Amino acid sequence: MIEDEQFWGRQIPLPQAPVNGATGITALKQVGNRLQCQRCTHLLAPTDRLANGEWYCRQCLQLGRLTSQLELYTIPEPNRFVTAPAGGLTWEGQLSPQQERAAQAVRDYVKARKNHLLWAVTGAGKTEIVYPALAWALAQGWRVAWTSPRVDVCLELAPRLRQAFGQVAQALLYGGQEEPYAYCPLTICTVHQLLRFREAFDLIIVDEVDAFPLATSPMLQHAIAAAEKASGCHLYLTATPGDQLQKQVASKQLAVTYVPLRYHGHLLPQIDLQVAWRWRTQLSKDKLPVALIRQMKAYLATRQRFLLFVPHVVDLPIIARALQLAGIQGGVTVHAADVDRAAKVQAMRDRRIPFLITTTILERGVTFPNVNVIILGGDDAVFSTAALVQIAGRVGRSADAPTGEVTCYCHTHTKRVRLARGMIARLNLQGRRLGGRK
C-alpha cells in the first residue's frame, strides 16, 4: 500500500484508483489523431507501441514506463510541515554589502510571489544570496524545490543546503539515486524529476536556468510550470542568461536583480587565447600542442591543480593517452555518462587528484578550490559563448584563491571566443565601477 504522502503534489502512475481518494487523469490522452503523454507532453509516434499493442511514452521512459493502461494519480499538496524557527536557517556566514542588497531584493520578490531572475556573475555567491528568501519561504510553511538541469549542480548543492538549513528536512532526487523518495519541505532535484510532480511547490528555484538541456527543451520547461502551484512563483539563477530571458527582462515581463561583482571583490579572469594550429592533426598522431604540454607540466611541478576541458566525449581517451605518452600523469577523465562521475568530481574537490579531463558537464555549478582552467579546442561549436564564460568562472571562486589563469587553445579565433572575452570585459567594467580588483 502506498502512503498518502507519496501522492501529495505528485503524479503516481497506477493501473487503478488507490483507496485513499486520490484523483487520476489518463496518462496518455487523445489529442487530435495522436496520443499525448500527460507527464511530459510528448506526442506519441506511430511506432511508440509495445509488443502487446499498448501505447507507451518513450520521451520520459527514464522515469518509469507510462502506458495507455495507466492513470496518473495525485492528492493536492497540503503543505503539512512543521515550520522551524527562522525557516531553519543555521548558516553562520555573512553576506557582503552587495550580496545583502541583492538578497533583500530577492526576498521581497518572493514575498510578493513575483517571478524573478537573479543575474549574478559567476562566483558572486548566488546560493548564499538566496538563503534569506528561502528561509522566509520555509518559515511560511511553503514547499520549495531547488532544481537544476545538471546533476552535478544538485550533488554539490545538497550538502551545502543541509549544512545551511540544518533544521529542515530535505530530499535529493536525481536519476539513479538509491535513497527512496521522502515528503519534505525542501526538495533538491534535477529538472527531469519535476515531471513527477503536479502543482506541488510554492517556490521553485531554477539554478543555471540557461544550461543544456533546459534552455532548449519544451519538456523541461513544462516540468517547471506543471510542478509550480497556480499561486506559486519561481526564481531563476544564472550568470549567462540566454536571449529569451534577456528579452523578458527588457520587456519588463520578468523582474531582475543584477550582481556584477564576485563576493570577494575580485574580477573575473580573462581568457588568454593561444593559437594551436591543426591540433587535431597532431592528436591523430598521439601528440598535443607543445605549449599545452609545457603549461600542464609547469602546473604539476608547482602542484597547481587544474581542469582540462575538451570538446567531445570521444576525445577523452585519445587525449588521456597523448598526455601519458608526454609524461603527464595523475589526471582522470570524466563525462556525463561516466558511472564513476560523482566519485571523480568529489576526488577533485578533496584534492586527491591533480586534474580532471572533462567535457562541458563541469562548465557550471561546481566549485573546486584554487584551480586553473585550460580549454583545448575552444573554437569547437560545442563551446558556446555562455559555456566559455561559465568555464572561465571556475577559476578564482574562493576568497583564499580569488585569482587564476584561463587559457584557451584554438585552431582559429572564432566569433564565440571573441564574444566570450567581450562579455567578461563588460562584466569586469561593471565590477570595477563597484570597486572590483584583479
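**Group meeting: a walk through the model**

Okay, let's start with helix α3, residues 151-164. It has 14 residues, and at 1.5 Å a residue they should span 20 Å; the end C-alpha atoms are in fact 20 Å apart, so expectation and model agree. And I do mean model: what you have in front of you is predicted.

Now, α3 has a bend in it. The angle is about 25 degrees, and the bend falls at L157. Look a little further along and you'll find a proline, P159, which follows within four residues.

So which residues of α3 are buried? Here's the list: D152, V153, C154, E156, L157, A158, L161 and A164. Notice that L157, where the helix bends, is one of those buried residues. There's a general point that helps when you read a list like that: an α-helix has 3.6 residues a turn, so residues three or four places apart point the same way.

And what covers that buried set? The cover includes two helices, α2 (126-139) and α9 (341-349). It also includes the strands β7 (144-148), β8 (170-173), β9 (186-190) and β10 (201-207).

Okay, on to the aromatics. The count comes to ten aromatic pairs. Take W8 and Y183: their ring centres are 4.9 Å apart and their planes sit at 75 degrees, and since anything over 60 counts as edge-to-face, that's what this pair is. W8 is in the segment before β1 (12-14), while Y183 is in the loop between β8 and β9, so the pair ties together parts that are 175 residues apart in sequence. Are these two buried or exposed? W8 is buried, at a relative accessible area of 10%, and Y183 is buried too, at 11%.

Here's another pair, F197 with F201. Their ring centres are 5.0 Å apart, with planes at 55 degrees, so this one is tilted. Both of those phenylalanines are buried.

Going back to W8 and Y183 for a second, F81 joins them: ring pairs link W8, F81 and Y183 into a cluster.

While we're on rings, have a look at R10. Its charged end sits over the ring of Y181, 3.6 Å from the centre. The charged end of R10 also sits over the ring of F197, with 5.7 Å to that centre. That's the F197 we just met in the tilted pair with F201.

Next, the strands. Strand β6, residues 116-120, has five of its five residues buried, so it is largely enclosed by the rest of the structure. H116, L118 and A120 point one way, L117 and W119 point the other way, and all are buried.

What does β6 pair with? One partner is β11 (residues 228-238), running parallel and joined to β6 by four bridges. W119, for example, has T238 as its bridge partner in β11. Another partner is β12 (residues 255-259), again in the parallel sense, over five bridges. There, L118 stands opposite T257.

Strand β18, residues 406-410, is mostly covered, with five of its five residues buried. V406, C408 and C410 point one way, and T407 and Y409 point the other way. β18 pairs in the parallel sense with β13 (residues 271-275) over five bridges, and in the parallel sense with β17 (residues 371-376) over four. Keep an eye on Y409 here: Y409 is the bridge partner of Q274, and Y409 is also the bridge partner of L376.

Last bit: backbone oddities. As background, most residues other than glycine have a negative phi, and most peptide bonds are trans.

Where is the cis peptide bond? It joins F212 and P213, with omega at about 5 degrees. P213 belongs to the loop between β10 and α4 (218-227).

Then there are positive phi values at residues that aren't glycine. R113 has a phi of about 55 degrees; you'll find R113 in the loop between α1 (97-111) and β6, and it's partly exposed, at 36% relative accessible area. E199 has a phi of about 45 degrees. That one is in the loop between β9 and β10, and E199 is partly exposed as well, with a relative accessible area of 46%.

That's my tour, thanks.

Technical notes
Residues numbered from 1 in each chain as written. Predicted model: local features only at pLDDT ≥ 70, side-chain atom pairs only at ≥ 80, totals over all residues. Heavy atoms only, no water. Expected span 1.5 Å × (residues − 1). Bend = angle between axes of the 7 residues up to and from the residue. Buried < 20%, exposed > 50% of the residue type's maximum accessible area, 1.4 Å probe, protein only. Contact = heavy atoms within 4.5 Å. Phe/Tyr/Trp six-rings, centres within 6.5 Å; stacked < 30°, edge-to-face > 60°. Lys NZ or Arg CZ within 6 Å of the ring centre and 35° of its normal. Pairing = 2+ DSSP bridges.
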